[in-house]
Amino acid sequence: MRKKMVAGNWKMCGSRCNVDALADAIKKGTKSFSTKIDIVIFPSFVHLQLIENILVDTLVSWGGQNLYLGAQGAFTGEISGPMLVDYGCQYVLVGHSERRIIFHEDLKLIAAKFKTALEYGLKPVLCIGETLAEREQQKTEKVITEQLESVIELAGIDAFRHAVIAYEPVWAIGTGLTATPEQAQEVHAFIRKLLAKHHPDIANTICILYGGSVKADNAAGLFAMPDIDGGLVGGASLEAKSFLAICENALEKAAGSV
Ligand code: PEP
C-alpha cells in the first residue's frame with residue numbers, strides 16, 4: 001500500500017513574520033497526525049533556516065524549490081544540493097512548470113537536476129504536465145512521455161525508487177481550474193503504465209501526486225482515485241487552515257486503507 005503525501009509549494013511567497021506563523025500553525029495542527037501520511041513544505045530558500053528551527057523533530061519534512069548542478073562553484077544566484085541538505089532538506093522540486101516555462105529549463109537540464117538531487121541524497125519531486133494547448137491537441141500523453149523518458153534515459157529507472165512524481169497540468173496551476181478526479185486519474189494511470197514498461201515494481205510503489213488548484217473542498221475526490229497518492233498544493237498551502245484540511249483528507253484516505 002502506497003503512503004499518501006501532501007506537499008505545500010510556497011513559491012516566492014511570505015515574509016519572516018508570516019512564514020514563522022504559518023509553519024508554527026502547521027506544526028501545531030499536525031501534532032496529533034499519525035505517520036500514515038508524509039507532509040512536506042517547500043519554502044523559499046531564504047526561509048529554510050526558519051523552517052528548520054520550527055519543524056525540526058516534527059512529522060513535517062521540508063525541501064528546496066529548485067537546485068543547480070554540482071556542489072559549489074561560480075553560478076551566481078544558484079543553490080546546490082549540499083546547501084539544501086545543510087538546512088535539513090530531504091526533498092527538492094525538479095521541473096516545476098514555472099521553471100520550465102518562465103525560466104526556460106529544458107528536458108536535458110531537468111533530467112540533470114533530477115540526477116544531481118539523488119547524488120546528494122535528496123528526494124526529487126519531478127513535476128510533469130501538459131499545457132492547455134497541448135491537451136486540446138491531444139498531446140498530453142506525448143508530453144508526459146517526453147518529460148519522463150528524458151529523465152529515465154539519463155538517471156535510469158532505478159532512480160525512481162527514491163523519487164516522487166507530481167502530475168501538474170499547467171492549465172490547472174494557480175488558475176482555480178482543477179482537473180476532475182477522472183481526468184487526473186487517467187493521466188496518473190498512464191504514468192504508471194509507462195513506468196511499468198521499464199519496471200513494474202517501481203510503477204506500483206512510486207508516489208504520484210496531483211497538483212493544480214487542489215483545495216480543501218476538492219482534495220477528497222482526487223485522493224480517492226486509485227493512482228493518486230496525494231497532492232502538491234500551491235495557493236491553498238499558504239493558509240494553515242486550508243493546508244491542514246487537505247492533509248486531513250489524505251489522512252482519512254490513509255486510515256480507510258488499512
Ligand atoms: C503548484 O504550484 O505546484 C500548484 C499546484 O499551485 P496551485 O495549487 O496554486 O495551483
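Contacts between distant parts of the sequence are my starting point. Among contacts in the protein chain with a separation of 6 or more, 73% join residues that are 24 or more positions apart. Please bear in mind throughout that this is a predicted model.

Let me turn to the overall form of the chain. Its secondary structure consists of eleven helices and eight strands. Along the principal axes, the C-alpha atoms occupy a box of roughly 50 × 45 × 35 Å. What radius of gyration would a compact globule of 258 residues have? The expected value is near 18 Å, and the protein chain has 17 Å, which agrees.

Next, the surface and the interior. Of the 258 residues, 51% count as buried. The protein chain exposes about 11700 Å², and 55% of that area is supplied by carbon and sulfur atoms. As for charge, the chain carries 25 positive and 29 negative charges, and the mean positions of these two sets are 2 Å apart.

I now come to individual residues, beginning with two that have an unusual feature to report in their backbone angles. K11 is not a glycine, yet its phi is positive, at about 50°. D57, also a residue other than glycine, has a positive phi near 60°.

Where do these two residues lie? K11 is placed in the loop between β1, residues 4-9, and α1, residues 16-29. D57 is found in the loop between α2, which spans 48-55, and β3, which spans 60-64.

Is D57 buried or exposed? With a relative accessible area of 78%, D57 is exposed, because the cut-off for that class is over 50%. K11 has a relative accessibility of 22% and therefore counts as partly exposed, since its value falls between the limits of 20% and 50%.

A third residue brings us back to K11. S44 sits in the loop between β2, residues 37-42, and α2. Its relative accessible area is 16%, so S44 is buried, the limit being under 20%. Which residues does S44 touch, leaving aside those up to four places away in sequence? They are K11 and Q65.

Let me draw these residues together. The buried S44, in the loop that leads from β2 to α2, touches K11, which lies in the loop between β1 and α1 and has a positive phi. D57, for its part, pairs a positive phi with an exposed position in the loop between α2 and β3.

Terms used: Residues are numbered from 1 along each chain as its sequence is written. This is a predicted model: local features need pLDDT of at least 70, side-chain atom pairs count only at pLDDT 80 or more; totals for chains, interfaces and linings use all residues. Side-chain values use heavy atoms; hydrogens and water are left out. Helices (H or I, at least four residues) and strands (E, at least two) are DSSP runs, numbered from the N terminus. Buried means under 20% relative accessible area, exposed over 50%, partly exposed in between (1.4 Å probe, protein chains only). Contact means heavy atoms within 4.5 Å. The radius of gyration is taken over C-alpha atoms; the globule rule is 2.2 Å times the number of residues to the power 0.38. Accessible areas come from the Shrake-Rupley method with a 1.4 Å probe; for residues, only the protein chains shown count as cover. Lys and Arg count as positive and Asp and Glu as negative; His and the chain ends are not counted. The place of a charge is taken as NZ of Lys, CZ of Arg, CG of Asp or CD of Glu.
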